[in-house]
Structures are given as C-alpha cells and as structure tokens.
Amino acid sequence: PGFNHYQQEPFSALARRVKDSGGKVILVLRIMKNADIEEALNSPDSRSKIIQSVVTTVSQRNFDGINVDIEYVGTPPSATTKNLIELVRELKSTCQKAVTNCELSIDVYADSAKNSRIWDLQLLSQLVDHIIIMGYDFFRPSSTHAGPVSPLGGVEKYGYDLKTSIADFVAKIPAEKIVLGVP
C-alpha cells in the first residue's frame, strides 16, 4: 500500500515536515513470505533489479536511507542467508554512490541472537548502520498459551524476554548498532 502513495502530495508534504524538523525519511524494503524471499535473494538478477529499483526510488524521492525488512520464518537454506548478506552489501554500495550519507538498517526478530535465523548478525553489523530488534511478538493470538507481547523481564516464566534478548545481541554485535523497537 505504501508504494501506491509515496508519489502523492500528502506523502511529499509529510516527508518535508519530517526533514524540516530534523528527521529522516527512510524507504522500507519489505518481503514477508519465505518463497518470495528465496526467489528474490537466490537469483543474482532479482537482487540486481531490487537494488536498482530501491536505489532509484531513494535517489529520485530524496529518501535518507533504506530499511531492509525481510522476515523469513524458520531457518532458511544457508544459500539464502548468504544471499541476504550479498543483497545488503550490494545495496549499501550502490546507495552510498547515489545518495550522500545513505543510511541502511535491517530488522531482525528478537530471538535472532539466540536462534538460527536468516540474519548473520556479525556480518550484517559490519554493513548496516543499525540493526533494529523487533522487540515484540513474543506471544501472539496464534501462540499455544497466553503471554505478553513484549515481556521486559520474566525469562523464567516466559522462556525469553527483552532483557535476555538485548544481552544476547550485545554479546554478538556492537551496542551502538542496536535499536530496540517495542510495541
């Protein structure tokens, strides 16, 4: 839905207000389905088209950077993890050539420092400005039992919490790279 509106005047007016107040306007690259993620990442041609499209949009519409929100559920094939690194590496290089001070961030699940996921945190932390921990969805409507969406503490009761998650991340990547997103 956002793609349909970003070229219209209401978005342009909002972007100007954000920039006038010292904020940044960031374009989100979002892929949410495992099959779509594998198709996009595992083809060099697809990665190239994504990068060109995203960087052209960032440059033409005066965005300040890109947020990569690729949410693979479960443990992906190792080639997909490797190709996510390639996408981010190529995206960073291309964006920095096109946009001065192009900011790059990536969203990761709160348990990504503990569980095997699509994100190689140590490699990604060398490529991006920020790793954004999605500090929510610990429990959802589909969970087998009720619990808080974003437990601050209570690892003994809930199995995992934000306090433990942050400690796990800080043990793997520089703290200054971490941004915590909470509901």
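Partly exposed means a relative accessible area between the buried limit of under 20% and the exposed limit of over 50%. With that in hand, here are some exercises on this predicted model.

**Exercise 1. Place G153 in the structure and decide how accessible G153 is.**

Solution.
- Step 1: find the element. G153 sits in the loop between strand 4 and helix 7 (155-158).
- Step 2: apply the limits. The relative accessibility of G153 is 34%, so G153 counts as partly exposed.
- Step 3: list the contacts. Once neighbours within four places in sequence are set aside, G153 touches Y158 and D161.
- Step 4: take one distance. From the C-alpha atom of G153 to that of S165, twelve residues away along the chain, the separation is 9.9 Å.

**Exercise 2. Work out which residues of helix 8 (residues 162-170) are buried, how they are arranged, and what covers them.**

Solution.
- Step 1: name the buried residues. They are L162, S165 and F169.
- Step 2: look down the axis. The buried residues of helix 8 fall within an arc of 60°, so they line one face of the helix.
- Step 3: recall the geometry. An α-helix has 3.6 residues a turn, so residues three or four places apart point the same way.
- Step 4: identify the cover. It includes strand 3 (103-109), helix 6 (121-127), strand 4 (130-134) and strand 5 (178-181).
- Step 5: check the start of the helix. D161, already met as a contact of G153, caps the N-terminal end of helix 8, with a side-chain oxygen 3.4 Å from the backbone nitrogen of K163.

**Exercise 3. Describe the two sides of helix 3 (residues 34-41), then follow the contacts of T80.**

Solution.
- Step 1: pick out the buried residues of helix 3, which are I37, A40 and L41.
- Step 2: use the arc. These residues cover only 85° around the axis, which puts them on the same side of helix 3.
- Step 3: turn the helix over. The face directed away from the buried side carries the exposed residues A35 and E39.
- Step 4: name the cover. The buried residues of helix 3 are covered by elements including strand 1, helix 4, strand 2 and helix 5.
- Step 5: move to T80, which belongs to helix 5 (residues 78-98). T80 has a relative accessible area of 0% and is therefore buried.
- Step 6: read its partners. Beyond its neighbours within four places in sequence, T80 is in contact with I37, E38, L41, N42 and I118.

**Exercise 4. Compare three of the salt bridges: where do D64–K19, R30–D69 and R89–E86 lie?**

Solution.
- Step 1: start with the total. The whole structure holds eight salt bridges.
- Step 2: take D64 and K19, whose closest N and O atoms are 2.9 Å apart. D64 is in the loop between helix 4 (44-60) and strand 2 (65-70) and K19 is in helix 2 (residues 9-20), so the pair ties together parts 45 residues apart in sequence. K19 is partly exposed, at 27% relative accessibility.
- Step 3: take R30 and D69, with 3.9 Å between the closest N and O atoms. This pair links distant parts of the chain, R30 in strand 1 (residues 26-31) and D69 in strand 2, 39 residues apart. R30 is exposed at 56% relative accessibility, whereas D69 is buried at 8%.
- Step 4: take R89 and E86, where the closest N and O atoms are 2.7 Å apart. Both residues lie in helix 5, three residues apart, about one turn of the helix. R89 is partly exposed at 37%, and E86 is partly exposed at 23%.

**Exercise 5. Find where N101 and D137 lie and say what is notable about their phi angles.**

Solution.
- Step 1: recall the background. Most residues other than glycine have a negative phi.
- Step 2: look at N101. Its phi is positive, about 55°, although N101 is not a glycine. N101 is in the loop between helix 5 and strand 3, and is exposed with a relative accessible area of 71%.
- Step 3: look at D137. Its phi is also positive, about 65°, although D137 is not a glycine. D137 is in the loop between strand 4 and helix 7, and counts as partly exposed at 38% relative accessibility.

**Exercise 6. Name the residues of the nonpolar surface patch and locate V182.**

Solution.
- Step 1: I166, V170, L180 and V182 make a nonpolar surface patch of about 290 Å².
- Step 2: V182 is found in the segment after strand 5.

Terms used:
Residues numbered from 1 in each chain as written. Predicted model: local features only at pLDDT ≥ 70, side-chain atom pairs only at ≥ 80, totals over all residues. Heavy atoms only, no water. Helix = DSSP H or I, 4+ residues; strand = E, 2+ residues; numbered from the N terminus. Buried < 20%, exposed > 50% of the residue type's maximum accessible area, 1.4 Å probe, protein only. Contact = heavy atoms within 4.5 Å. Arc of directions from axis to C-beta. Polar contact = N/O pair within 3.5 Å; in protein donor to acceptor, adjacent residues only side chain to side chain. Salt bridge = Lys/Arg side-chain N within 4 Å of Asp/Glu carboxyl O. Patch = residues over 30% accessible without salt bridge, like charges linked within 9 Å, V, L, I, M, F, W, Y side chains within 5 Å. Areas by Shrake-Rupley, 256 points an atom, 1.4 Å probe, with all protein chains shown as cover.
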